[in-house]
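Please open the model in your viewer and keep the selection tool at hand. The tour below goes from one residue to the ligand and then out to the whole chain.

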Amino acid sequence: MVTAITGGSFGDEGKGKMTDLLAAQADIVVRFQGGANAGHTIINDYGKFVLHMLPSGVFHGHTENIIASGAAFDAEEFFGELEMLKKRGVSKPAVRVSSRAQLLLPVHKEQDILEERRLGKSGFGSTLSGIAPFYSDKYAKRNFQISELYSGGLSDKIKRFCEDKNIFFKAFYGVENVLSASALTEYLTEIRDRLKPYLVDCTYYVNSAVKAGKNILLEGQLGALRDVDNGIYPFVTSSSPLAGFGSVSAGIPPYEIGRTVAVIKAYSTCVGAGAFVGELFGSEADELRRRGGDSGEYGAKTGRPRRIAWFDCVAAKYGCMLQGAAEAALTMLDVLSFLDRIPVCVGYRINGAITDKFPETYMLDKAEPVYEYLDGWKSDISGIRDYDRLPEAAKKYVRFIEDRIGVPITMISNGPRREQIILADMRK
Ligand code: GDP
């Protein structure tokens with residue numbers, strides 16, 4: 001059985017926690033897109049971790065973890081995280097890397113930094129991890145697939161790649177000779193030798209595992225609204241965090257994905273630029289930001305304060321639709337416990353008309369949130385494990401969201417730790 005576990009909104013939904021939790025039943029966790037540009041926070045028996053490159057199943061001894069072909073493979077982050085896990089006593093995580101994944105190089109990060117600086121106020125709020133330059137080079141077909149490192153005939157390609165980068169860096173940023181063929185060759189040779197023991201032909205491996213009836217999790221890295229095609233372009237990531245892309249990246253047929261879970265959080269946050277309907281400012285935002293997540297709403301990758309809004313049914317319904325989610329996991333319900341009443345955005349008012357459809361990006365600037373208000377429950381719910389024990393107002397909040405997004409909520413997370421979970425589909 002293949003399950004996709006994905007983000008239903010703008011990101012930071014708690015996908016890392018949910019993947020770590022569900023990985024207990026998984027044979028394989030496949031990280032299917034992005035690079036080290038986000039952080040998945042996981043709190044379990046080993047302590048607190050923020051994973052950027054490794055799949056979130058690494059804490060389970062019986063689970064294999066694969067970085068799939070569609071990911072942006074950052075070797076420095078990969079080896080750094082493996083080392084960190086070893087130091088912190090996580091016993092020998094089984095990790096493999098698709099030989100068809102491509103390398104995100106240090107020059108991609110340099111390009112990201114210089115480009116964001118060049119753009120100034122019109123920048124995208126990039127995490128400066130090299131993602132946009134990496135995917136640009138990938139789709140321009142000048143990048144390096146890991147398998148190529150073992151082909152023995154790379155010198156012409158390396159030379160051309162350096163020439164391209166040098167011309168580009170000089171013209172755009174006034175930087176001379178950013179990359180030499182000898183330095184890049186040395187770097188690629190080192191990576192080639194270190195990576196060898198981790199490589200796998202992901203496509204055949206995962207297909208055989210599917211045939212053998214293994215439990216496989218496809219792990220998405222960002223929220224649906226950041227999808228390059230269906231999200232808030234251009235304030236998107238440069239790949240697709242949608243379950244559909246999980247099948248492409250792992251190399252398995254789409255119909256093999258039997259279950260898709262969208263993770264949504266009980267209020268909204270986002271990092272980076274672009275319209276964010278209903279964004280809160282001032283003390284209301286500060287209070288939610290301070291109370292949110294495991295230690296406040298600050299980017300797990302960048303440390304930047306996250307932008308805050310109330311739960312947005314329009315965005316989440318659209319996100320769940322994009323993911324093809326048959327169920328949702330609602331996280332951070334505990335964070336709202338201090339509120340007397342809780343606004344929920346149920347529609348957008350655009351040019352005087354109310355809609356529950358998520359519009360194209362240019363219309364978002366005109367959209368004003370339409371709220372309904374629900375009663376708060378004003379009690380600590382973080383220790384509850386049984387749906388029936390939730391206060392009536394909290395159940396009402398869950399049911400309200402479920403009705404509005406049209407997807408059943410099967411799991412409720414009420415704290416950052418692995419064990420803080422309520423299986424809501426057990427409800428009578
Ligand atoms: P991800 O990238 O989707 O995994 O999300 P992040 O790790 O960037 O951000 C999620 C934050 O929320 C982290 O600080 C988690 O520890 C925390 N978190 C996850 N689930 C819950 C929850 O149910 N309640 C609370 N209070 N925090 C949670």
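Two residues are in contact here when heavy atoms of theirs lie within 4.5 Å. With that in mind, select T331 and display its contacts: leaving aside neighbours within four places in sequence, T331 touches E13, M18, V263, I264, K265, A266 and S413. The model is a predicted one, in which local features need pLDDT of at least 70 and side-chain atom pairs count only at pLDDT 80 or more, while totals for chains, interfaces and linings use all residues. Residues are numbered from 1 along each chain as its sequence is written, and side-chain values use heavy atoms, with hydrogens and water left out.

Colour the strand around T331 next: this residue is found in β15, residues 327–331, where strands are DSSP runs of E with at least two residues and helices are runs of H or I with at least four, numbered from the N terminus. T331 counts as buried because its relative accessibility is 2%; buried means under 20% relative accessible area, exposed over 50%, and partly exposed in between, with a 1.4 Å probe and protein chains only.

Now select the ligand and the residues near it, meaning those with a heavy atom within 4 Å. You should find 20 residues around the ligand, the closest being K15, G16, T41, D294 and S413. By class, this shell divides into four nonpolar, nine polar and seven charged residues, where Ala, Val, Leu, Ile, Met, Phe, Trp, Tyr, Cys and Pro count as nonpolar, Asp, Glu, Lys and Arg as charged, and the others, Gly among them, as polar.

Which backbone atoms should you pick out beside the oxygen atoms of the ligand? A polar backbone atom of E13 is 3.1 Å from a ligand oxygen, and a backbone N or O atom of K15 is 2.8 Å from an oxygen atom of the ligand. For a side chain, turn to D334, which has a polar side-chain atom 2.8 Å from a nitrogen atom of the ligand. The protein covers 96% of the 590 Å² of accessible area that the ligand has on its own, by the Shrake-Rupley method with a 1.4 Å probe. Highlight α1 (15–22) and β3 (40–44), the elements that give two or more residues to the shell; α1 supplies the largest share, three residues.

Finally, zoom out to the whole protein, which has twelve helices and 20 strands. Its C-alpha atoms fill a box of roughly 65 × 50 × 40 Å along the principal axes, and 57% of its 428 residues count as buried.

Definitions and conventions: Polar contact = N/O pair within 3.5 Å; in protein donor to acceptor, adjacent residues only side chain to side chain.
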